[in-house]
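Welcome! Let's take a friendly walk through the spaces and helices of a protein model. Have a look at it first.

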Amino acid sequence: MKLSTPIFIVAQPRSATTFLHRTLASDEKKFFSICLLEWRYPSILIQKFFQATGYLEKMSKVSYWGNNNEAKLTEKMHYSYLNDYEDDGFLYEECFFHQFYVINRFPYPKLVDKLNNFQELPNKTKEKMLKAHYQVIQKILYLRGGNLVYVSKDNECLQRSELMKKLYPDALFITITRESEKFMNSYITLIHQSAYSKSRVDVNNISEWISMQRKVRVEAASQTINFFESLSEEQKLCFSFNNLTENIKDSIELVYRKLNIDLTEAQSEYLKNLDTKQNLRDSAYKTGSDKFEEFAFFDKFATETARNHKTLLEKSKRI
């Protein structure tokens, strides 16, 4: 089945990407996304069995992080149950074992060069991985009934972005920017807790851990800017965290207009009543207050994005 104008949400972690992803996916008459259990078992036969037996519904009570106290704390930061819509990155992490977040399972900083080097893989390997990704999406689209727009979220796909742009030439790419002090302190807190939940290793005791994380995020920041500046205006939307969370309905409507899709009254009412406090988890745990001077170039980009996003919102209100 052909994918019509898929949406790819690409941004730094802790920037409301999950919120945007799941909010768009909630309009099941227009969009579709893939849940964690579907990434793990991308088989039409298995998924039909899950549906027929009610197994998928039972998974709404099974947390990705587990049931111990440490897992519950991680869940406060990023809630994720096995039937929740989740990152495309889970396919690369759990099926190919080649994705940055594998480092949380094996917290050895020296492994990063092996896990985060998609661009250096042989061409046949890259093509095979992207083809598998495409086939999974097609299968889930078949299960959903077709004629829907695919909504993807993958914060660690920037090394694949140029190839994805070629594979999906009519795709819409969305990014969300947030000032580095906010997203980095939140991210470091989450990544520490995530690594402990998955490996039972306290990464605070690994001397290179923080410097490795900062280096990866700076590289991702640079890749984000370069990629989105290379896109035409028709191919992209750039949101700011604050403008998105303070203007949910109007920001989401910008996505619909970009795709020439009408926002139904029911979905419009849902967006008006949507409470971000129930969907964003920064308030559920304490983070640090470090400064990240190496992100000055990205903060400048974030400031410009916020200004442009505000202008788009003002124009949309006059229409």
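## An open pocket

The second largest pocket holds about 480 Å³ of space. Here a pocket is an open set of points on a 1 Å grid over the protein atoms alone, with protein on both sides within 12 Å along at least five of seven lines, and lining residues have an atom within 4 Å of a point. A volume is the space filled by probe spheres set on the points, which are joined across faces, edges and corners. Of the 18 lining residues, E233, K236, C238, N308 and L312 are the closest to the centre of this pocket.

Two or more lining residues come from each of α11 (209–230), β5 (236–240), α13 and α15, and α15 gives the most, with 8 residues. Helices (H or I, at least four residues) and strands (E, at least two) are DSSP runs, numbered from the N terminus. By class, the lining has 7 nonpolar, 4 polar and 7 charged residues. Ala, Val, Leu, Ile, Met, Phe, Trp, Tyr, Cys and Pro count as nonpolar, Asp, Glu, Lys and Arg as charged, and the others, Gly among them, as polar.

## About the model

This is a predicted model, in which local features need pLDDT of at least 70 and side-chain atom pairs count only at pLDDT 80 or more, while totals for chains, interfaces and linings use all residues. Residues are numbered from 1 along each chain as its sequence is written, and side-chain values use heavy atoms, leaving out hydrogens and water.

## Two helices that cross

How do α13 and α15 cross? The axes of α13 (residues 248–258) and α15 (residues 296–318) come within 10 Å and cross at roughly 80 degrees. That makes α13 roughly perpendicular to α15 (angles of 65 to 115 degrees count as such). On the α13 side, D250, S251, L254 and R257 make the contact, and on the α15 side H309, L312, L313, S316 and K317 do (contact means heavy atoms within 4.5 Å).

## Closed cavities

How many cavities of 30 Å³ or more does a search of the whole structure find? The search finds 2; a cavity is a set of points where a 1.4 Å probe fits but cannot get out. The largest has a volume of about 90 Å³, and its lining has 4 nonpolar, 4 polar and 3 charged residues. The second largest has about 80 Å³. N116, E156 and Q159 are among the residues lining the largest cavity, and they are also among those lining the second largest.

Notes
Axes fitted to C-alpha atoms, helices over the stretch in contact; angles between N-to-C directions. Parallel < 35°, antiparallel > 145°, perpendicular 65-115°, else oblique.
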